[in-house]
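This report describes one helix and one ligand site. Please consult the sequence and the model alongside the text.

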Amino acid sequence: MNGTMVDYVMTIDSDDEIIPIKASKNLSKEPEEARLDPGFVFDVSGDPYFDLVPQDTHFEDLVKKGSKPQPISVDEIIERRRLGSKKRKRDDDEEDEHNDSSDEPGDDEDLESAFEGLDESGLDDDPLASSGEENDATEDKEISDLSDDDDGSSSEASDVETQAQKDRKAAFFDTETAPTEVHDSFLSMNLSRPILKAITTLGFSKPTPIQAATIPVALLGKDIVGNAVTGSGKTAAFTVPMLERLLYREKGKNSAATRCLVLVPTRELAVQCFDVGTKLSAHTDIRFCLAVGGLSLKSQESELRTRPDVLIATPGRLIDHIRNSPSFTLDALDILVLDEADRMLSDGFADELAEIIKSCPVSRQTMLFSATMTDSVDELVKMSLNKPVRLFVDPKRTTARGLVQEFVRVRAGKENERSALLVALCKRTFRTNVIIFLRSKKLAHQMRIVFSILGMRCEELHGDLTQEQRLKALQLFRDGSVDYLMATDLASRGLDIKGVETVINYDMPGQLAQYLHRVGRTARAGAKGRSVTLVGEADRKMLKAAIKRGAGEDQVRHRIVPSEIVQKWVDKLEEMTGEIAEVLKEEKEEKHFQHAEMELKKGQNMIEHEAEIYSRPARTWFQTGKEKTKSEALSKEQYEAGFKAESKKSAARPIDQNKPKRDKLSGLSRKAKRRKMIMEEDKEMGDDKALNAAIRLAKKANRPSKIGVPEPLSAKNRKAAKKRSKARTKSGGSTFESDLGQKPNAREGIRAKKGDAISMGKKGGKRKGK
Ligand SMILES: Nc1ncnc2c1ncn2[C@@H]1O[C@H](COP(=O)(O)OP(=O)(O)OP(=O)(O)O)[C@@H](O)[C@H]1O
C-alpha cells in the first residue's frame, strides 16, 4: 500500500458497535440527480412470489413436485434436539440450566461460564477448530505492509485497457450513436403514458444515470452493452424501453408472439426481473412468462403456448423448452436481453447461450448488461451484438457510493478461526439484515446449523436446496423473519433485497467481479451499507484491488475483533462440533428415509401407470450431465483466466470454442446459413427430419410481424399529437392510442426497417457470427 492508502485505512479497535457511516466527501459532492430514493424498492409488502403467476394458478402447483424429496428442516432437528437436551438437563443442577441460556446476543460473560461446564470433544479436522490471536498493535502495520506489496500483477491490473484494445473496441462499437440529450426526467424520454404511470407508481422520480443513458438509445432499436455499478437500476434500464417498444407490436387475432426474451443466470434473479417487469407493465396488456428450472415444466409449457410477449428465463430451462415444447419458438423475437452476462458465462452456460442466440432471428435488438465485464463477455458481445452502443456509466467506480468496506485480518496459520470471527462479528455487532457469503454449499449449510444452535435466526440460500426452499429462504429474509442469510454466490448477482445492512464475506472471493457483486447486495439505490470481509494471507492482491476500486478513500476500514472474544467463540464452537455432527447425522438419516419412500412410490407408479409413462415422447437434452460438468469446469477456468494479466488474455480466449461454426457458413446467405445449421443439428441429434421440418414450417407460418421502434415526437408533432389525443378522448378513442399520441395502429405491426433506425441514429452493419 502506498503512503496515502495507509492514512485512509481507519482502524476499528472494537467490534462492540458499528461506527456510523459518515457522509463521505464523495457523497456530499455527488450530483443531486445521481442519488436515488434509498427507501424505495421494487418489492411490495406481502409475499412477492404469489403474484408472479396467473391469478388462477396456485404457486404450489408451479413448484416442481417429486423431483426432489420433501425438504428437511434443520430447525426442526435442532429444536427436537434442544427439547431432548432440556429434558436431560432437568436432571442437572441449577447452574447448568443457567449456562444453557448463554446464547443470548452479546451476553459474553454468561457464555464464558457456560463453556466451563461443557464437554471437551473437539474434532481434529473440523473447520471450526481454533487457533490463538495476536495483539492488535501489529495489525495496522501489517495491513499497510499488505497493501504495500505492489508487484504490479494485481487482479485489477487486468482491467486497464491498452491502446490496442481501445482501438479494437472503437472499430467494433457504434461510436456515432451517443445519447444526445441529458435526461434528468422520464418525461422527456418519449415514453407512453401507461409506462410513465407505472414508473410514477414505483416512485422513480428521476432516471438513474444508466437509465438516462440506456432508455433513449434502446428506444431506437440499437444493440447495447450496458455497464454500471450494482444497485444502479439496470433492470428498469432495459425493461422500460422493451415495454415501450412492445406497445407498438401488432395486435389482434393470431398476432400473439414471444417477442422479448430476458436471460438471467439464476432463478431468483429471474423471479425478480419478472416482478419488476410485471409492475412496470401494470397499465398495459403486455404479458410476461417465467421459465426457470425448479418450477413446473408443464405449467410453463402451457403458458408458453399462449405466446406471452416477454419471456424471462434461465438458459438451461429455455433450451429445454426450445427442444421439447413443439409449439414454442423464438422465431418472432425482437428483443434479446442478456443480464449478468459474465455470470452466465462463468456458470458454464456458454454453450447454452450460443445455442439460444442461434435460435433467435438475426434482425433482433440485443442488450447486454452487467456490473462487471470480462474478456468472455467481450467475446459474447462480438458473437451476438450488432455494432452495439457502449454505455458505461462511471467505469472507474466499481462499488456503490454508500458502501463502507471493512476488512478483518485472518492471520497465517489461523485460518481455522474464521468461523469464530464470523460468529463474534454477528453476535456482537451485525445483528440484523446480514447476508453472509460462503465459498461452498456445504459450508453455508454447516454455518446455518451453527447459527441456529446458537439461537440466531438464520436461513440458507444455495443450489443444494429445492426451488421451494430457495424461494422460502429468500422470502423469510426479505420480510425480516430471519436476520442472517447464509448464501453461496448463487445470491451474489442481481438480488435486490430491501434494507440489507451488511454483507459479510466469510472469505475473499477469487475474482474481483465476484467480490463486487457480493458487496453490491447492500448500499443499493443510494442507500448506505457495509461490507465486512475476512481476509487471509492469500488474499493480498484481492484486498488491494478491492480497496482501490472502492467508492472513496475514506470508506475503507480495518476492523479488529478483540482476541479474547475470538478465543471465546473458538472454544464454544469447538464444544459444539459434536452437536453439529449429530444434527448433520440426523438430517442425513431423514434424507435416506425420504429417498427410500420416494423410490417406493416411484415403483408403485411405474406398475400402475406403465403404459401411459412409456407412451410419452422422450425429452431431448442439450447436454448430458457429463458434458455439462465438463463445460462448467472449462467455463470456470476461462472465467478465471479472464481476470489474469493482459499478456495472458489472448492465450485464454474464453468463448472461442463456443462460437458458431462461422467458417463453414461464411459466404452463405442468412437463410441458407440457418437452413444448413438446422440440418446439421438434426443430423447430430438423429431427429426425425420430416417431423422437424413440418414443425418448423408450421412455426414459420405462424410467425407474426416484428415490432417497430417508437417515433420520436418533434415539438411540432407533440402539439399535433396532443390535439389528436384530445379529440380521440372526446370521441371515446382507446387509452392506448391516446397514450401513444398517434393514430390508431399507425405503426403497430410494422417491421423494424433499417431506415427506421437510421433516421434516428444510424443502425450498424450486418450482424456477425450468426
Ligand atoms: N429511477 C429510480 N429511482 C429510484 N430508485 C430506483 C430507480 N431505478 C431503480 N431503482 C431502485 O434501485 C434498486 C436496484 O435496482 P436494480 O436491481 O435494477 O439494480 P441493478 O443495477 O440491476 O443491480 P445489480 O447489478 O446488483 O443487478 C431497486 O430496488 C429499485 O427500486
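The buried residues of helix 20 are Gln467, Gln469, Arg470, Leu471, Ala473, Leu474, Gln475, Phe477 and Arg478, where buried means under 20% relative accessible area, with a 1.4 Å probe and protein chains only. Nine of the twelve residues in helix 20 are therefore buried, and the helix is mostly covered. The model is predicted: local features need pLDDT of at least 70, side-chain atom pairs count only at pLDDT 80 or more, and totals for chains, interfaces and linings use all residues. Residues are numbered from 1 along each chain as its sequence is written, and side-chain values use heavy atoms, without hydrogens or water.

Helix 20 covers residues 467-478; at 1.5 Å a residue its twelve residues should span 16 Å, which agrees with end C-alpha atoms 16 Å apart. The expected span is 1.5 Å times one less than the number of residues. Just after helix 20, Gly480 has a positive phi of about 80°.

The ligand is surrounded by 23 residues, of which Lys206, Lys234, Thr235, Asp496 and Arg524 come nearest; a residue is near if one of its heavy atoms lies within 4 Å. Three distances from N or O atoms of the protein to oxygen atoms of the ligand are tabulated below; a polar contact is a pair of N or O atoms within 3.5 Å.

| Residue and part | Distance to a ligand oxygen |
|---|---|
| Ser232, backbone | 3.0 Å |
| Asp496, side chain | 2.3 Å |
| Arg524, side chain | 2.8 Å |

The protein covers 98% of the ligand's 640 Å² of accessible area on its own, by the Shrake-Rupley method with a 1.4 Å probe. Domain 1 (165-392) and domain 2 (403-579) both give residues to the shell, so the ligand lies between them; the bounds come from an automatic or database domain assignment.

Definitions and conventions: Polar contact = N/O pair within 3.5 Å; in protein donor to acceptor, adjacent residues only side chain to side chain. Helix = DSSP H or I, 4+ residues; strand = E, 2+ residues; numbered from the N terminus. Buried < 20%, exposed > 50% of the residue type's maximum accessible area, 1.4 Å probe, protein only.
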